[in-house]
Amino acid sequence: MTKLTASNLSLAYGRQLIIDNLDFAVPEGRITVLIGANGSGKSTLLRALARLMKPEAGAVLLDGKDIAHTSTKEVARKLAMLPQGPVAPEGITVLQLVKQGRYPYQSWLQQWSEADERAVRAALEATGMTPLAERPVDALSGGQRQRAWIAMTLAQGTATVLLDEPTTYLDLTHQIEILDLLYTLNEREGRTVVMVLHDMNLACRYAHHLVAVKDRGIYAQGAPGDIVNAELIRNVFELDAHIIPDPLYGTPLCIPASQARRAQERQAAVPVHA
Ligand SMILES: Nc1ncnc2c1ncn2[C@@H]1O[C@H](COP(=O)(O)OP(=O)(O)O)[C@@H](O)[C@H]1O
Ligand SMILES: [Mg+2]
């Protein structure tokens, strides 16, 4: 298990403060989903948790140690990060990409091992990418490419996996497939998953712990059933919505209201005087 926490964390681009003095502990062995409006700082926060961004103040602690003072390889053995819209080197094949996931275990002393081979094979299998292993990544569809990146992330074999919108570019079938895959990894292997999802309903279905990001911090966090209501949707997304129980799983299902249709309905309701 890996302990990942943010302590008094502030994140900024130049003078623009994105996250202000945040305290947060990633629940171990659970699936955490970050939600929030575009530009609210979800990716920024995830990047900082993965040590891809240096804090303005405060720290990210990995097993109690400041991640900024932890070696790249040590971090990479404990957590894997799939960023938003990753770009593969030109001409690289799926297999080569997935093998990159094993770099934290390689050194001039430690050559490619049977364990590396097994991890790569398992990751290709889990993501359904085995038949496409020899294909160049840039010759894949958006959905296949995303699955290749997820395979690389899984091959890294870390207890914690961070993913920024892993279902982008995927059709509904593949969205569910990827989320089911992460769900299964969590169930079977107890891997900690932290991801950003933009689909509120899928977020509610798959998250044990939901974190709503707003105003440079956490607006609310908890089990979806405990925190998601019309008020949260209004405040976090500036959207009027009805919340009903998901007919399959009972998790909150968000039905957004349409301003345009509402205006039309109001107009239609106006009595016409001849
Ligand atoms: N590399 C960057 N340089 C400057 N500003 C950035 C950079 N990346 C993101 N931002 C800004 O930081 C804010 C938060 O962005 P981001 O974390 O990507 O939000 P989200 O993932 O929630 O959509 C936005 O206002 C965005 O424009
Ligand atoms: Mg983002």
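How many bridges join β1 to β4, and in which direction do the two strands run? There are 5 bridges, and the strands run antiparallel. Keep in mind as you look around that this is a predicted model.

## The four-stranded sheet

Let's start with the sheet that holds that pair. It's an open sheet of 4 strands in the order β2-β1-β4-β5, and the pairing is antiparallel. Out at the edges you'll find β2 (16-25) and β5 (65-66), and each has a single partner strand, so one side of each is left without a neighbour in the sheet.

Now the other pairing of β1. Strand β1 covers residues 4-13, and 6 bridges join it to β2, again in the antiparallel sense. Helix α1 (residues 42-49) packs on this sheet, where it touches β1, β2 and β4 (57-62). If you compare directions, that of α1 makes about 125° with that of β1.

## Who sits across from whom

Thr 5 is a handy residue to click on. Over in β2, its bridge partner is Ala 25. Turn to β4 instead, and the bridge partner of Thr 5 is Leu 61.

Next, try Ala 12, which stands opposite Leu 17 in β2. The hairpin of β1 and β2 has 2 residues between the strands. What is the sign of phi at Gly 14 in this hairpin? Gly 14 takes a positive phi, near 60°.

## Around ligand 1

Time to visit the ligand. The residues around ligand 1 are Tyr 13, Gln 16, Ile 18, Ala 37, Asn 38, Gly 39, Ser 40, Gly 41, Lys 42, Ser 43 and Thr 44. Sorted by class, this shell has 3 nonpolar, 7 polar and 1 charged residues.

Some side chains have polar atoms you can pair up with atoms of the ligand. For Tyr 13, a side-chain N or O atom is 3.5 Å from a nitrogen atom of ligand 1. A polar side-chain atom of Ser 43 lies 2.8 Å from an oxygen atom of ligand 1. With Thr 44, the distance from a side-chain N or O atom to an oxygen atom of the ligand is 2.5 Å.

How much of ligand 1 does the protein bury? Taken alone, the ligand exposes 560 Å², and the protein buries 58% of that. Which elements give two or more residues to the shell? They are β2 and α1, and the largest share, 3 residues, comes from α1. You've met both already: β2 is an edge strand of the four-stranded sheet, and α1 is the helix that packs on that sheet.

## The six-stranded sheet

There's another sheet to find. This one is open too, with 6 strands in the order β6-β7-β8-β3-β9-β10, and its pairing is mixed. Its edge strands are β6 (79-82) and β10 (217-222), and each of them pairs on one side only. Ignoring direction, neighbouring strands here are turned by 15° against each other on average.

For a parallel pair, look at β3 (residues 31-35) and β9 (residues 209-214), which are linked over 4 bridges. Within that pair, Thr 32 stands opposite His 209 in β9.

Methods:
Residues numbered from 1 in each chain as written. Chains lettered and ligands numbered in written order. Predicted model: local features only at pLDDT ≥ 70, side-chain atom pairs only at ≥ 80, totals over all residues. Heavy atoms only, no water. Pairing = 2+ DSSP bridges. Contact = heavy atoms within 4.5 Å. Axes fitted to C-alpha atoms, helices over the stretch in contact; angles between N-to-C directions. Near = heavy atom within 4 Å. Polar contact = N/O pair within 3.5 Å; in protein donor to acceptor, adjacent residues only side chain to side chain. Areas by Shrake-Rupley, 256 points an atom, 1.4 Å probe, with all protein chains shown as cover. Nonpolar A, V, L, I, M, F, W, Y, C, P; charged D, E, K, R; others polar.
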